[in-house]
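Student: I have a new model on my screen and would like to work through its fold with you. Could we go step by step?
Tutor: Happy to, let's open it up.

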Amino acid sequence: MKVELAKTAGFCFGVQRAVDMVLRIAEEEAAEPLKEPNCPAGYSQSQNSERSKPTLIKEPIFPAGSPSCQNSEQQNPTLLKERRTVYTFGPVVHNESVIRKLSEKGVKVIGSEEELDSLREGIVVIRAHGVPERVYQKIRDRGLVLLDATCPFVQKIQRIVRERTGRGEKVFLAGSVSHPEVQGIIGWARGDVTVISDPENAKSLPDAGDLVPGEQSRDVVLLAQTTFNADNFKQIIAILEKKGYHVHVINTICSATLERQAEAEILAGRSDAMLVIGGSSSSNTKKLFEICKAKCQNTQLIQTVKDLKFNSDEAIRNVGITAGASTPKEIIEEVLTYVRTKF
Ligand code: F3S
C-alpha cells in the first residue's frame, strides 16, 4: 500500500506561532517564582541563584494602534512578576490533545468576556483568530498582562475593517457570523459590517438599484474570513456585481488554506482512501473533509489514530493523508506510522 502525506498537512504559520507563544510563556511562568517581597523590580536578592531568577515577559506583541500598545505602565515588559496564571482567550487551537497538553502545563482557557471580567491577575493570550477591540480594553482595564498571538493575516483584516468603516465605507465580509475570527473582525469596525455566509445569502441582499440614493452607497468593500471557501467567494463577487454593486474586492483568504485545500483535492483524486486528521470543531478541517469526500468517496475524518476504521480486506492501494491547520505534528506522524505498518 502506498501512503502519501500532503506537504501542507498540519499547523499553519499562525497556529504554530500561537501555540509556541503559549508554550513559551507557560514554561517561563512555571519556572521557580521570585518570593522575596523587597526585591527591586527586575532583580532578586540572591542574584547568583539560578532558581531565584525573575520571570520576565520579554516581547509581548500588540497590534499596531491597539489600546494595549499604549499601556506601558501596567504592561511594562520587563516588570518582575511572581508566577502568574496563563490564560488563553478561547482554546488556542481546535485540537483536544494540544489543549490537554497546555492544561497540564497550567494553561487555562477563558470561555467568555464575563469570565475575563472576573480575573484579578494573570497573563491573557489572544489566540490566532483574534478578538474584538473591546477585549484588549478589558484586559488593560483589569491590569492583566496581554500576549497577542492574533495571526498577522487576521490583524490585517481587522485593520482594513477599522480603517474602511472609519471612513464611512460600506464593508461586506464573506464568512461565518458565528465564527470567533469573524466576531473578532466585526469588533474592530467603526460602522456596520454585513456578513455574507454563502452565495445564497448574497442573493438575498437588496439590489443596488433599490438602495436609497444619497443615503446608501453602491460602493462596497468585500473581504473574506481567512478560511473562506475560494469558489464561494468568487460566486459572491459575481452575485454582488450582478446586483449592481461596485465591488472593491480585497481577497483576504489565507494562502495557507488555499494551498492546503488545493493539495488535498489533488491527493484525494488519486487515492483509494483519504484520511483527514483534525478536530471535529475545526472549520478548516471540516472544509478539507468536504473537498476530499467530493473526490474520494472513501474519506474519513479522524481526530487521532483511535478513530481510524480501515477494513484490511478493502482493496486499497493508495492512501492519502492530510490534516487541518490545528492538527499537531505528533498526531499526524502517529497516524502515518500506523497506516504504514498495519496495512
Ligand atoms: Fe493560519 Fe493565519 Fe492563515 S491562522 S490559516 S496562517 S490566517
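Student: Of the contacts in the protein chain with a separation of 6 or more, what percentage comes from residues 24 or more positions apart?
Tutor: Keep in mind that this is a predicted model. Take the contacts with a separation of 6 or more, and pick out those between residues 24 or more positions apart. Their share of such contacts in the protein chain is 75%.

Student: How many helices and strands does the protein chain have, and what percentage of its residues count as buried?
Tutor: The secondary structure comes to 11 helices and 12 strands. The protein chain has 343 residues, and the part of them that counts as buried is 39%.

Student: Let's pick one residue. Is Val125 buried or exposed?
Tutor: Val125 lies in strand S4, residues 123-126. A residue needs 20 or more C-beta neighbours within 10 Å for the label in question. Val125 has 25 of them inside 10 Å, so it counts as buried.

Student: Which residues is Val125 in contact with, leaving aside its neighbours within four places in sequence?
Tutor: Among them are Met21, Val22 and Ile25, and also Val86, Tyr87, Thr88, Phe89 and Val92. Ala149 is on the list too; its C-alpha is 6.6 Å from that of Val125, although the two are 24 residues apart in sequence. The list also includes Leu147.

Student: Which residue of strand S2 stands opposite Val125 in S4?
Tutor: Strand S2 covers residues 86-89, and four bridges join it to S4. The two strands run parallel. The residue standing opposite Val125 is Thr88.

Student: What is the order of strands in the open sheet that holds S4?
Tutor: This sheet has four strands with parallel pairing. In general, strands of a sheet pair through backbone hydrogen bonds. The order is S3-S2-S4-S5.

Student: Which are the edge strands there?
Tutor: Look for strands that pair on one side only. That description fits strand S3 (108-110) and S5.

Student: Which strands of the sheet does helix H1 touch?
Tutor: Neighbouring strands of this sheet are turned by 30° against each other on average, direction ignored. H1 packs on the sheet, and its direction makes about 160° with that of S2. The strands that H1 touches are S2, S4 and S5.

Student: How does the chain cross from S4 to S5, and what is the handedness of that crossover?
Tutor: S4 and S5 pair in the parallel sense over four bridges, and Val124 has Leu146 in S5 as its bridge partner. The chain goes from S4 to S5 through helix H4, residues 133-141. This β-α-β crossover is right-handed.

Student: Which residues lie on each side of strand S5?
Tutor: In a regular strand the side chains alternate between the two faces of the sheet. Both faces of S5 (residues 145-148) are covered by buried residues. One side has Val145 and Leu147, and the other has Leu146 and Asp148.

Student: Now the sheet with S7. Why is one side of strand S7 and of strand S9 left without a neighbour?
Tutor: The open sheet has four strands in the order S7-S6-S8-S9, with parallel pairing. S7 (193-196) and S9 (246-249) stand at the edges, so each has a single partner strand.

Student: Which residue in S9 stands opposite Val221?
Tutor: Strand S8 (residues 219-224) and S9 pair in the parallel sense over four bridges. Opposite Val221 in S9 is His248.

Student: Why is strand S10 largely enclosed by the rest of the structure?
Tutor: Its two faces are both covered, with Ala273, Leu275 and Ile277 on one side and Met274 and Val276 on the other. S10 is largely enclosed because the number of its five residues that are buried is five.

Student: What are the partners of Val276 in S11 and S12?
Tutor: S10 runs parallel to strand S12 (residues 318-323), with five bridges, and parallel to strand S11 (residues 299-302), with four bridges. In S11 the bridge partner of Val276 is Leu301, and opposite Val276 in S12 stands Thr322.

Student: Last one: which residues around the ligand come nearest?
Tutor: The shell divides into 10 nonpolar, four polar and no charged residues. H1 gives the largest share, three residues. Of the 14 residues around the ligand, the nearest are Cys12, Gly14, Cys151, Thr226 and Cys254.

Technical notes
Residues are numbered from 1 along each chain as its sequence is written. This is a predicted model: local features need pLDDT of at least 70, side-chain atom pairs count only at pLDDT 80 or more; totals for chains, interfaces and linings use all residues. A residue is near a molecule or strand if its C-beta atom, placed from the backbone, lies within 6 Å of it. Ala, Val, Leu, Ile, Met, Phe, Trp, Tyr, Cys and Pro count as nonpolar, Asp, Glu, Lys and Arg as charged, and the others, Gly among them, as polar. A residue is buried if 20 or more other C-beta atoms lie within 10 Å of its own, exposed if 12 or fewer, and partly exposed in between; C-beta atoms are placed from the backbone. Two residues are in contact if their C-beta atoms, placed from the backbone, lie within 7 Å. Two strands pair if DSSP finds at least two bridges between them. A crossover is right-handed if, with the strands pointing away from the viewer, the path from the first strand over the helix to the second runs clockwise. Axes are lines fitted to C-alpha atoms, for helices over the stretch in contact, and angles run from 0 to 180 degrees between N-to-C directions.
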